[in-house]
Each structure stands twice: as structure tokens, then as C-alpha cells.
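Open the model in your viewer and keep the sequence panel beside it. The stops below each begin with a selection.

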Amino acid sequence: MNPITIAVDDLREQYLREMALVRQTYERTGDGTAAIRRRSAVVDRILIEMWRRAFSGNPGHNVSLLALGGYGRKDLFPYSDVDVLFAFADEKTEVQAREAVRAIIQGMWDIGLRASPCSRTLKEAGRFDPDNLEFTLATLDRRFLAGQFPLYQQLHQTILPGLILSEWNTIAQKLGEIARARHAKFGNTIFHLEPNLKDCPGGLRDYHLAVWFALLFHLKETREWPRQRGGVFQSARGDAEAAFDFLAAARCFLHFRHGRDDNSLDWQSQDEAAANSIGLETRGTADPAYWMRTYYRHARVIYRRAALLMENLPAPVSFYRQFRRRRTPIAGTDFVLDQGRIDILPGAQFSDTAAILRIFSLMATHGYTLSQAAEDRITDALPALAIHVPEGPYLWNSLREVLLGPHAAHSLRTMHALGVLEMLLPEFHGIDALVIRDSYHRYTVDEHTFLTIDNVHGLRQPAHDYEQRLAQLLPEIDRLDLFLLALLLHDTGKGRRTGEHTSQSVELADSFMARLDFDAEERETVLRLIKQHLEMSNSLRRDIFDLENVRGFSDKIGNPTLLKMLTLLTYADIKAVNPDALTPWKAENLWQLYMATANYMDRSVDEIRYHAAIDPTLLNRLRSMVPASQYDALGSFLEGLPQRYLQTRLPEHIRNHFQLATNLDNDPVQLDLRPQRQLFDLTVIARDRTRLFADVAGALAAWGMNIVKAGAFSNDAGVVVDSFQFTDIFRTLELNPSEKERFLEYLHDVVAQKIPVAQLLEARRHVNHSANIKLEVSTRLQFDSDSSSHSTLLQVVAQDVPGLLRQIALVLSSQACNIEVALIDTEGETAIDVFYLTSQGAKLGEETQQTLATNLTTSLDAMRAPAGA
């Protein structure tokens with residue numbers, strides 16, 4: 001068999017010329033859907049001409065060329081692969097046409113097309129391979145391009161329908177399994193800081209998943225292909241189609257921007273897409289947060305459609321289910337319950353809001369879902385329902401039933417997606433898909449709200465130790481309904497974008513409760529909880545063992561009932577920011593603050609302990625752990641150590657620190673490193689010197705450790721006990737146990753001033769700076785000499801960069817400031833650090849504060865510049 005070669009130079013020039021026109025047209029119009037259709041047409045012409053040249057000498061071969069997958073749908077994105085199928089009548093024909101096929105594939109690559117070819121005889125095409133579902137799915141999106149059309153018709157009309165119908169259950173179930181696995185990979189949520197437009201839930205793959213399911217169901221019901229592929233998946237409001245158009249425009253933008261098949265919508269791409277109003281009806285420049293808000297709205301539509309179609313998949317039939325009554329009427333409504341899904345009776349007409357609210361109450365109580373038909377009918381009926389929106393106690397009773405249900409968040413999400421929640425609660429509209437655009441807040445404000453409610457109900461089945469403790473507070477809340485209403489409304493003020501959102505939320509909540517005829521006491525409970533919903537989070541950024549902090553917080557809250565609700569709200573609120581926001585140590589601090597405040601309110605013995613020098617019980621316990629000959633030395637070690645140190649350490653740890661301190665004459669640096677859940681706890685014991693705290697902070701940063709909490713303590717004898725809790729971001733110590741010894745040796749030498757820390761830290765900062773800062777954080781400083789009786793509080797808000805804590809400590813040291821307590825917190829790329837400072841045993845004077853502010857601002861701003869700049 002003679003090799004076949006075809007000339008493609010002219011076709012390459014034609015392809016490049018026409019693709020340049022496609023890009024120019026896209027950049028002028030912003031129409032991504034038109035761009036992918038045009039590229040499909042361009043490639044069609046190229047392949048048809050290549051086919052003609054390759055088979056010019058053997059036109060009689062019974063072979064066909066088909067477009068598959070995205071190319072078959074005419075959704076050929078600028079740098080997507082070109083999927084094609086060479087179909088042969090039989091194996092003999094395949095052998096005869098092999099050289100021509102090879103020439104076409106080689107020609108595709110020579111032109112610049114990323115060819116993704118496959119070959120099948122008719123017999124092979126009629127066999128189902130469960131390990132290669134991708135091929136079967138690709139054939140759902142097929143088009144005839146060239147060759148023998150009767151061969152294509154045989155595939156289209158007989159072989160492929162027969163294959164799919166015979167293996168329908170297997171194909172549908174496997175398709176569902178693949179989709180669920182993909183969703184799980186992305187956390188089963190559309191909310192990602194840098195989503196993948198193709199693979200993330202709510203992305204283009206989910207759109208095509210919905211189309212495939214709709215096509216499969218149509219084929220099963222009618223035994224034939226739909227006349228028009230798009231006709232099987234059309235939404236009543238056109239929202240799914242609009243979502244596709246937006247995603248198509250955005251994906252085209254990414255392909256052209258990167259010059260490759262890159263579908264990751266990173267931070268910088270979001271900025272550029274917004275600046276060019278990609279996918280928006282209006283041209284010009286848009287705010288990135290607004291642009292991402294539009295993205296999430298479209299992704300929500302697609303994800304919901306795909307999820308509903310997956311729920312229609314038939315479950316395996318059990319013996320028991322054969323005898324179950326499948327459709328149970330829901331009393332007083334035109335809805336029926338069908339195996340956990342609520343459907344609507346054919347021909348039903350309704351304008352009764354009460355029936356709709358009854359359905360959502362059932363969803364909140366039992367976790368039922370709505371069928372696609374039921375959702376569409378409710379959406380269509382909204383204009384009629386809006387005329388008779390209930391208000392007053394009736395609406396509150398209905399909403400109350402939803403809020404109290406264990407599946408309240410699920411029901412509220414459905415109400416929100418269908419427009420029902422905004423109809424009943426217009427104040428909620430402002431936070432629909434509202435984006436807080438930083439690297440800390442993962443979810444939109446509406447989804448964050450639903451998650452807070454979900455987190456509270458989740459305490460009924462606690463998964464962690466700290467949740468078990470918090471769950472004890474849940475039964476003690478007398479008006480759980482009012483508490484959950486406060487959660488639903490607590491962030492509505494963010495939609496106004498002007499002023500402080502808490503006061504705006506209070507105003508909106510007051511308006512809503514006025515319409516529902518709440519009594520004065522109920523309104524006061526909800527409004528006060530919303531007004532103070534950030535107070536506990538703010539107190540957590542202070543020393544929770546400082547009596548002034550506890551007293552100030554207690555005075556603001558005023559009563560134990562509100563304290564319990566605020567504790568649960570703070571837990572639910574922090575946990576709903578992002579999956580990693582509520583760390584075990586932060587949950588522990590929350591509980592400690594609750595206990596300290598509750599004890600203070602009760603005027604218990606806890607208040608006395610803050611003022612006692614050393615708790616006698618603790619002292620006796622410690623003495624029982626050391627020889628009698630060391631009693632005096634133990635007393636000297638404890639003398640002058642603050643209560644915060646004594647109350648946050650187990651007696652065994654204090655004993656160990658004492659024993660380490662007794663060895664300072666042999667080695668001036670003593671280290672104690674212990675794993676603590678997700679953290680490491682490092683204690684450094686040494687004699688006091690300048691820059692000690694700064695050097696340890698720098699050494700940890702140089703090794704890539706992320707400091708989340710730190711404390712600087714010293715006794716009257718000048719022995720320093722500095723503690724650092726940190727996470728090992730790169731899992732260096734976990735994956736390389738031998739590195740622990742080298743790590744401790746390095747720390748030892750830095751503290752002993754044998755080696756400088758600056759060089760290694762600078763190398764780390766150079767590697768990590770990477771101009772990939774998503775959000776620029778300006779340095780903000782705040783001094784407070786009123787909240788503590790013994791210290792001046794300094795809060796530093798700055799860009800979180802390696803070595804930040806060290807740099808702050810160096811500046812503080814240069815001004816002869818002593819760090820009594822350091823509280824380190826990070827929200828995304830924002831560091832929020834609070835230091836309790838003294839100078840010569842007293843609070844800082846105004847002049848010292850001004851000098852510190854100037855020096856810190858200059859020093860920290862310099863750190864933001866790229867290394868070597």
C-alpha cells in the first residue's frame with residue numbers, strides 16, 4: 001500500500017487567516033457563542049477539503065468522517081481539540097483507507113489543529129465499552145462531514161440508537177457517577193476563588209451534562225433522536241441559554257488570552273474579563289466583583305439544572321419498592337410526593353401562596369427536592385403569586401417552619417433560586433450572588449447566609465469535640481426561631497454597599513419585622529443580635545484571658561441568653577466564610593471566651609483567678625510533679641509569669657518548661673516542639689535579649705511555617721518563655737521526619753545568635769512574592785490604651801508576606817517596646833495581628849505611638865515591594 005501525502009500549506013494559511021478574523025470579530029462583538037460556531041465552520045471547510053484531496057484516487061471507499069464532542073456540537077473553542085471519527089463499513093475497508101486516514105490526521109497537525117481522532121467499524125461502533133464511556137458520550141454529539149452519507153445514516157438511525165437504548169441504564173448511571181465524582185473533586189460547590197470554567201460545578205461540562213441527560217431521556221421516551229439537539233434542553237426563562245452564552249464568551253477570552261486550552265479563571269483573568277465586560281450585555285469596564293457576581297448567577301442556574309436531571313435517574317429497584325405507593329398526594333396542594341421528590345399534578349393551576357409555603361416547609365423538615373416540572377411551574381406562577389403575598393403573622397409562621405427544619409438551608413436555597421424568597425423577603429435581593437472579592441471569603445453573601453443556618457442545624461450531629469461543646473448551647477436558646485431569623489438577615493446590609501453593613505442590616509431587618517407585626521421584645525432580640533454579630537469576632541482578636549477584654553465584651557452583650565446566641569452565631573459565621581476559616585484553635589478560643597464571659601457575668605470564682613498570683617491548686621499540682629528540693633526554684637520560675645501563660649498550659653507542660661529552664665546554664669537555648677492537632681506548638685526558653693521574639697518569628701517564616709498565634713512571656717528572673725503556634729504549609733516535618741532535627745538545630749542556632757536569619761528569610765520572600773498577590777492590602781495601624789489596664793494594644797492590618805511578624809517585632813524592639821501578648825490571625829492575604837505592648841513596664845505614650853506608626857508603615861510597605869526591587 002503506497003503512502004499518501006497531501007499538501008496543506010495553502011490550508012494552513014487559510015486556517016490562520018480565517019482564525020484571525022474569528023478573533024477580531026470576537027474582540028469587537030464579545031460574542032463567544034458566535035466565535036465557536038465560526039471556528040467550527042472554518043474547520044469543517046478545512047477537513048472536507050483535506051478529505052477530498054486524500055481520497056481523490058479512491059472515491060469509492062465506504063468510509064465516513066464525523067465530527068464528535070464539542071466539535072460535533074459546533075462548540076469548537078479557539079484552542080480546543082478537534083474530535084473526529086473515521087467510520088468504516090468493515091475491517092477490510094479500514095485497511096484499504098488506512099493511508100488516507102493517516103494523511104488526514106497528519107495534515108490536521110501540520111495545519112495547527114490539535115487532532116483527537118478515533119476509528120471504528122460499524123460492528124465496533126455497535127459495541128458498548130463500559131470503560132470508555134467518553135466515546136459513547138462523544139457520539140451523542142455527532143455530525144456528518146465527508147465520505148459516504150448512507151454509512152453515516154446507518155450509524156445515526158440504527159446502530160447508535162440501538163446501542164444506547166440497550167445500555168441505557170448503564171450509560172445513565174455511569175454518567176451520573178462520573179459527574180458526582182467531578183463535583184466531589186470541587187467540593188460539590190460552584191463557589192471557588194479561581195473556578196475552572198469547564199470542569200467546576202456550574203461550568204460548561206455541567207451544561208453539556210444536562211443536555212446529555214435531556215437527550216437520553218428523550219431517546220428513551222420517543223425511541224428516536226430529537227429533530228434539533230438544542231430543543232431537548234431549553235429553559236422556560238432562557239436562563240440556561242444565557243448562562244451558556246456567558247461561559248462561552250468567558251472561555252473564548254481565556255483561550256485567546258493564554259494562547260492555549262486554559263480554562264482556569266484566575267484572579268488576574270477576572271480583572272481583565274471585567275475590564276473588557278466579557279459576556280456582559282453592556283460594553284466598557286465593569287467592577288470585578290460585579291463580573292464574578294454575574295458568573296456565579298449563571299453557574300448556579302446550570303448546576304441546578306444538571307443536579308435536577310441527575311435526580312431523575314432511576315434508582316435500583318428493590319423488592320420493597322415494588323410494593324410501595326409511588327405517588328402520594330400532599331394534602332391541600334396540587335403537588336405529589338414521589339420517592340423523596342415533590343412533583344406537580346398535570347394541568348394544575350394555582351395562585352395560592354399558602355400551598356407553595358407548605359411545600360417549602362416539607363422540604364425543610366424532610367429534605368425533599370422539587371422536580372424540574374414543579375420548579376418551572378412555581379417560577380411561571382410567581383407573577384400571580386406576587387399579587388397575594390402574605391404578610392403579618394401568617395407569613396412569619398410559614399417562614400418560621402422553614403427556618404426550624406433541619407434542612408432549612410436546602411429549602412431556602414431552592415426558594416432563593418426560584419425567586420420565592422425575594423418575593424416574600426425583598427430585603428434579601430441585594431445580596432443575591434453578591435461577591436466579597438478577596439481571598440478569604442469563598443462564598444457569595446447569599447450562600448454564606450445559607451451556610452450559617454446549615455452550620456447551626458449541623459450542631460445536632462456534631463463531628464468535632466468543639467462542636468459537641470457548642471451543641472450544648474443549642475437547647476438553651478429559648479427562641480431558636482428568632483435566632484435563625486437573625487442569621488437570615490444578618491448580612492443583608494452588605495447589598496447597599498454604603499456605610500457599615502451591620503447598621504444597614506439592622507435597618508432592613510427592622511423594616512421586614514414591621515411588616516410581619518413582630519412585638520417589641522421579639523424585634524429587640526433580633527435587632528440586637530444583628531447589631532452585635534461582629535462583637536465576639538472582634539473580641540477574639542484581643543487577649544481572651546485579659547480581664548478588661550472580657551469585661552468590655554460582657555458589658556456590650558449584657559445577658560447570658562444573648563451571649564449564648566452570639567457564641568453560636570460567631571461559630572456559624574466564621575465557619576461559613578471558607579472551609580478552613582474555623583480552625584480547631586480558633587474554635588477553642590471561641591469557647592474559652594464564652595466561658596470566661598459567662599463566668600464573669602455570673603461573678604464566679606473565675607473573676608478572682610484573674611487577680612490571684614498563682615492558683616494554689618495549680619501550685620500544689622506542680623509541686624507534686626517535681627522533687628521537694630526544687631520547690632524554691634519552681635517558685636522562682638513561676639514568679640512574674642502572667643495568668644495567661646498559667647491558664648493556657650497543662651501542668652505537665654509548665655513542669656516541662658520549668659525543667660528546661662533549669663538547664664539554661666548548660667545550654668542557653670531550650671526548645672520544646674509538640675504537634676497539636678493541625679498545628680505545631682513551639683516553646684522557646686532563653687534569657688531575655690533584644691530581638692529574640694523577632695528572630696524566632698523570622699526563623700519560622702524562613703522555613704515556610706505559617707504562624708497563627710504567638711505569645712511572649714517572661715518571669716521576674718528575666719527568663720523568656722515565648723510560644724508560637726504554626727502550621728506547616730508544605731508538610732515539611734510530616735513528610736520528612738528527619739528534617740525535624742535539622743529544623744530544631746536551625747532554630748537553636750538562630751536564637752543563640754550563631755547564624756543570621758535574614759539571608760534565608762529573604763530567599764523565602766523572593767520565592768513566595770511571585771507577583772501573584774490577588775488583593776492589595778494597605779497597611780493600617782490602630783492604637784488602644786483604654787481596653788487594657790496594663791498595656792497599649794496595637795492592631796496591625798497588613799499584606800500577609802513571609803517575615804511579616806519578624807519585621808513588626810524588629811520595629812517594636814527598636815522602640816524599646818516589650819511584647820506582652822501577640823495574637824496572630826490571617827484572613828486570606830490579610831494579616832490582622834494584635835500586640836499588647838509596654839515600655840519600661842508602662843503603656844506607650846503618644847509620642848512613642850506616633851513614632852511607631854511612622855516606622856511600622858514605612859517598614860511594612862517596603863516589604864510589599866518585589867524582592868530586589
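What follows is a tour of a predicted model, stop by stop.

**Stop 1: the first sheet**

Select β1, β2, β3 and β4. These four strands make an open sheet, ordered β3-β2-β1-β4, with mixed pairing. Now colour β3 (115-121) and β4 (143-147). Both stand at the edges with a single partner strand each, so one side of each has no neighbour in the sheet. On average, neighbouring strands here are turned by 25 degrees against each other, direction ignored.

Zoom to strand β1, residues 63-67. How many bridges join β1 to β4? There are four, and the two strands run antiparallel. For one position to centre on, pick S64: opposite S64 stands G147 in β4. Strands of a sheet pair through backbone hydrogen bonds, so switch on the backbone atoms to follow the pairing.

Next, add helix α2, residues 32-54. Helix α2 lies across β1, β2 (82-88) and β4. Against β4, helix α2 runs at about 25 degrees.

**Stop 2: helix α8**

Select residues 149-166, which form helix α8. Does the length fit an 18-residue helix, or what span should you expect? At 1.5 Å a residue, α8 should span 26 Å; the end C-alpha atoms are 25 Å apart, which agrees.

Where does α8 bend? Go to L155, where the bend is about 35 degrees. L155 is also buried. Other buried residues of α8 include L151, Y152, I159 and L160. Further along, P161, L163 and I164 are buried as well.

**Stop 3: cysteines**

Select the cysteine sulfurs. How many disulfides does a search of the whole structure find? The search returns zero. C252 is in no disulfide: the nearest cysteine sulfur belongs to C200 and is 18 Å away. C252 has a relative accessible area of 0%, so C252 is buried.

Move to C118. Is C118 buried or exposed? The relative accessibility of C118 is 19%, and the cut-off for buried is under 20%, so C118 counts as buried.

**Stop 4: the second sheet**

Select β5, β6, β7 and β8. Here is another open sheet of four strands, in the order β5-β6-β7-β8 and with mixed pairing. Its edge strands are β5 (327-329) and β8 (369-370), each pairing on one side only.

Look at β5 beside strand β6, residues 335-338. Three bridges link β5 and β6, in the antiparallel sense. Label R327 and find its bridge partner, D338 in β6.

Now show helix α15, residues 372-387. Helix α15 packs on the sheet and touches β6, β7 (341-344) and β8. The direction of α15 makes about 55 degrees with that of β7.

**Stop 5: M625**

Select M625, in the loop between α29 (616-623) and α30 (631-638). Which residues does M625 contact, leaving aside neighbours within four places in sequence? They are P651, E652 and R655. Draw a distance to R655: the C-alpha atoms of M625 and R655 are separated by 7.2 Å, though the residues are 30 apart along the chain.

**Stop 6: S814**

Finish at S814, in helix α37 (residues 804-814). Is S814 buried or exposed? At 53% relative accessibility, with exposed meaning over 50%, S814 counts as exposed. For a last distance, add P584. S814 and P584 are 230 residues apart along the chain, and their C-alpha atoms are separated by 35 Å.

Technical notes
Residues are numbered from 1 along each chain as its sequence is written. This is a predicted model: local features need pLDDT of at least 70, side-chain atom pairs count only at pLDDT 80 or more; totals for chains, interfaces and linings use all residues. Side-chain values use heavy atoms; hydrogens and water are left out. The expected span of a helix is 1.5 Å times one less than its number of residues. The bend at a residue is the angle between axes fitted to the seven residues ending there and the seven starting there. Buried means under 20% relative accessible area, exposed over 50%, partly exposed in between (1.4 Å probe, protein chains only). Two strands pair if DSSP finds at least two bridges between them. Axes are lines fitted to C-alpha atoms, for helices over the stretch in contact, and angles run from 0 to 180 degrees between N-to-C directions. Contact means heavy atoms within 4.5 Å. A disulfide is a pair of cysteine sulfur atoms within 2.5 Å.
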